[in-house]
Amino acid sequence: MHSIWHDGLFYKLYNVLPDAHWRFLRKWYSNLDVVIKWDGYIDYSTYFRVTRGTRQGSILSPVLFNLFLSNLMLELSLCQHWVRVGNHLYNSFAYADDVFI
C-alpha cells in the first residue's frame, strides 16, 4: 500500500485549484504536527511531522485522493493486463488514501 506524498499532491493541484485555495491547503498540509494518544488520556507521544497521506476524517480527503491518482488510474485503464472476475475485468484497486496495484 502507498500513501499520498504531499509535495506530489500539491504539484498536481497547482493548476487545478484557485491560487488562494491551493495556498491555504498547502500551508495546512505543510504544518501537520501530530501527537499520538494511548492508554486513554494519560500518555502522549512526542510531536512529529506528517508528510504523507490525507487528513483522516476530512471531507476533502477522498477528493484529494482522486485528484492525486487520476492520471495513474487513467493509464492503468488502458493497460491490457487484467484479472477477470465473472464478466468483469480489473487491474487496480484504490480506496481512501491507499492503493493496491
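This passage describes a predicted model of a single protein chain, from its overall layout to one buried histidine and the salt bridges.

The protein chain has an average pLDDT of 82, and 88% of its residues reach a score of at least 70. Confidence varies among the elements: helix α2, spanning residues 19-30, has the highest mean pLDDT, at 93, whereas strand β8, residues 98-100, has the lowest, at 52. The protein chain contains three helices and eight strands, and read from the N terminus these elements follow the order α-α-β-β-β-β-α-β-β-β-β.

Of the 101 residues in the protein chain, 23% count as buried. The accessible surface of the protein chain amounts to about 8000 Å², and carbon and sulfur atoms account for 60% of that area. When contacts between residues at least 6 apart in sequence are considered, 50% of them join residues that are at least 24 apart.

Helix α1, which covers residues 6-13 and includes histidine 6, has as its buried residues His6, Gly8, Leu9, Phe10 and Leu13. The cover over these buried residues of α1 includes helix α2 and helix α3, the latter formed by residues 61-77. Histidine 6 has a relative accessible area of 4%, and because this value is under 20%, the residue counts as buried. Leaving aside residues up to four places away in sequence, histidine 6 touches Arg26, Tyr29 and Leu32, together with the run of Val50, Thr51, Arg52 and Gly53. For Gly53, a polar atom of the histidine 6 side chain lies 2.7 Å from the backbone oxygen of the glycine.

Side chains of opposite charge can pair when their charged atoms come close. Three salt bridges are found in the structure. In one of them, the side chains of aspartate 7 and arginine 26 meet with an N to O distance of 2.9 Å. Because aspartate 7 belongs to helix α1 and arginine 26 to helix α2, this pair ties together parts that are 19 residues apart in sequence. Aspartate 7 is partly exposed, at 41% relative accessibility, and arginine 26 is likewise partly exposed, with a relative accessible area of 27%. Arginine 26 thus appears both in this salt bridge and among the residues that histidine 6 touches.

Another salt bridge joins the side chains of arginine 23 and aspartate 19, with 2.8 Å from N to O. Both of these residues lie in helix α2, where they are four residues apart, or about one turn of the helix. Arginine 23 has a relative accessible area of 49% and is partly exposed, and aspartate 19, at 44% relative accessibility, also counts as partly exposed.

The remaining salt bridge is formed by aspartate 33 and arginine 49, whose closest N and O atoms are 2.6 Å apart. This pair links distant parts of the chain, since aspartate 33 is in strand β1, residues 33-34, and arginine 49 is in strand β4, residues 48-49, with their positions 16 residues apart in sequence numbering. Aspartate 33 counts as partly exposed at 40% relative accessibility, and arginine 49 is partly exposed as well, with a relative accessible area of 45%.

Notes
Residues are numbered from 1 along each chain as its sequence is written. This is a predicted model: local features need pLDDT of at least 70, side-chain atom pairs count only at pLDDT 80 or more; totals for chains, interfaces and linings use all residues. Side-chain values use heavy atoms; hydrogens and water are left out. pLDDT is the predictor's confidence in each residue, from 0 to 100. Helices (H or I, at least four residues) and strands (E, at least two) are DSSP runs, numbered from the N terminus. Buried means under 20% relative accessible area, exposed over 50%, partly exposed in between (1.4 Å probe, protein chains only). A polar contact is a pair of N or O atoms within 3.5 Å; within protein, one must be able to donate a hydrogen and the other to accept it, and residues adjacent in sequence count only if both atoms are side-chain atoms. Contact means heavy atoms within 4.5 Å. Accessible areas come from the Shrake-Rupley method with a 1.4 Å probe; for residues, only the protein chains shown count as cover. A salt bridge is a side-chain nitrogen of Lys or Arg within 4 Å of a carboxyl oxygen of Asp or Glu.
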